[in-house]
Amino acid sequence: TSCQLPANTDPIIAKWTNAPRVVVVATPSDLPMQAPDDARGVYHQGTVYIVASGHNSGHSGGLMRTLAHEAVAHYGLRGLLGGDGYQRFLNQMQVSMRMGNKALIEIRDDVRSRYGQLSALKEADEIAARAVELGVDQKTGEFDFHAGPIFANIVLADEINRASPKT
């Protein structure tokens, strides 16, 4: 229930170094910005908001997926890669999709069905967050990331773009 949510999030966040501020709100209407009625979480101006009404199932997997999406992806990747690095990462995701990366294209299609039309960079941001979210087992809430073809193609495209031109 919503009363238990801070008790569930606090021990998880306490293990993280450099964790974002996490605020639990009761419903999407309690968020500091407009959000869809089915929002489960939002990253806004350096703070992760968890919407309690979106986590009434009692399964920790859903909560962990939301934390992964908002805190690990939206907050964490920006901090890890820095502003310019994060922009390059998003651009490389777009390149990977143009090169036919099927796994990223599948996630992109899911993002489009959830969010509708987004700018190219916002769409790439949501694709990255969804990819991180999908790394959490829905039943156990455990993070189970396997670096595979999605990230290999992004790293390869980044290396190609950084390489000096051959003349």
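A crossing of two helices is called left-handed if the near helix is turned anticlockwise from the far one by less than a right angle, and right-handed if that turn is clockwise. In this predicted model, helix α3 passes helix α4 in a right-handed crossing, and the report returns to that pair after a look at the whole chain.

**The chain as a whole**

The protein chain has a secondary structure of 5 helices and 3 strands, and, when read from the N terminus on, its elements follow one another in the order α-β-β-β-α-α-α-α. Of the 167 residues in the protein chain, 40% are buried. If one takes the contacts between residues at least 6 apart in sequence, 63% of them join residues that are at least 24 apart.

**The nonpolar cores**

The largest nonpolar core is made of 25 residues, and those with the most contacts inside it are L67, L77, F89, L90, M93 and I127. At least two residues of this core come from each of β3 (47-51), α2 (60-98), α3 (102-115) and α4 (120-133), and among these elements α2 gives the most, with 12 residues. One of the residues named for this core, L67, is in contact with T9, I12, W16, V22, I50 and V72 once its neighbours within four places in sequence are left aside. There is also a second, separate core of 6 residues, which includes V25, L31, V42 and Y49.

**How α3 and α4 pack**

Two packed helices are described by the angle between their axes and the distance between the axes. For α3 and α4, the axes come within 9 Å and cross at roughly 110°. Angles of 65 to 115 degrees count as roughly perpendicular, and therefore α3 is described as roughly perpendicular to α4. Which residues in α3 meet α4? On the α3 side they are L104, I107, R108, D110, V111, R112, R114 and Y115, and in α4 they meet E123, E126, I127, R130 and A131. Sorted by class, the contact of α3 with α4 has 6 nonpolar and 7 charged residues, and no polar ones.

**Single residues and their surroundings**

The table lists residues with the place of each in the chain and its relative accessibility, a value that is used in the text below to sort them into classes.

| Residue | Place | Relative accessibility |
|---|---|---|
| H74 | helix α2 | 3% |
| G135 | loop between α4 and α5 | 9% |
| A26 | loop between β1 (21-25) and β2 (41-44) | 42% |
| E142 | loop between α4 and α5 (149-162) | 53% |
| Q45 | loop between β2 and β3 | 73% |

Is H74, in helix α2, buried or exposed? Because buried means under 20% relative accessible area, H74 counts as buried at 3%. When its neighbours within four places in sequence are left aside, H74 is in contact with Y43, H69, D125, E126 and A129. E126 is also one of the α4 residues that take part in the contact with α3.

A26, which is found in the loop between β1 and β2, counts as partly exposed, with a relative accessibility of 42%. Not counting residues up to four places away in sequence, A26 touches V51, A52 and S53. The C-alpha atoms of A26 and I50 are separated by 8.4 Å, although the two residues are 24 residues apart along the chain.

In the loop between α4 and α5, G135 and E142 can be read together. G135 counts as buried at 9% relative accessibility, whereas E142 counts as exposed at 53%. E142 touches G135, along with V136 and D137, when residues up to four places away in sequence are not counted. Each of the two can also be placed against a residue far along the chain: E142 and R65 are 77 residues apart along it, with their C-alpha atoms separated by 9.1 Å, while G135 and M64 are 71 residues apart in sequence and 10.0 Å apart in space, C-alpha to C-alpha.

The last residue to consider is Q45, which lies in the loop between β2 and β3 and is exposed, with a relative accessible area of 73%. Most residues other than glycine have a negative phi. Q45, however, has a positive phi of about 50° although it is not a glycine.

Definitions and conventions. Residues are numbered from 1 along each chain as its sequence is written. This is a predicted model: local features need pLDDT of at least 70, side-chain atom pairs count only at pLDDT 80 or more; totals for chains, interfaces and linings use all residues. Side-chain values use heavy atoms; hydrogens and water are left out. A nonpolar core is a set of buried Ala, Val, Leu, Ile, Met, Phe, Trp, Tyr and Cys residues joined through side-chain atoms within 4.5 Å. Buried means under 20% relative accessible area, exposed over 50%, partly exposed in between (1.4 Å probe, protein chains only). Helices (H or I, at least four residues) and strands (E, at least two) are DSSP runs, numbered from the N terminus. Contact means heavy atoms within 4.5 Å. Axes are lines fitted to C-alpha atoms, for helices over the stretch in contact, and angles run from 0 to 180 degrees between N-to-C directions. Angles under 35 degrees count as roughly parallel, over 145 as roughly antiparallel, 65 to 115 as roughly perpendicular and the rest as oblique. Ala, Val, Leu, Ile, Met, Phe, Trp, Tyr, Cys and Pro count as nonpolar, Asp, Glu, Lys and Arg as charged, and the others, Gly among them, as polar.
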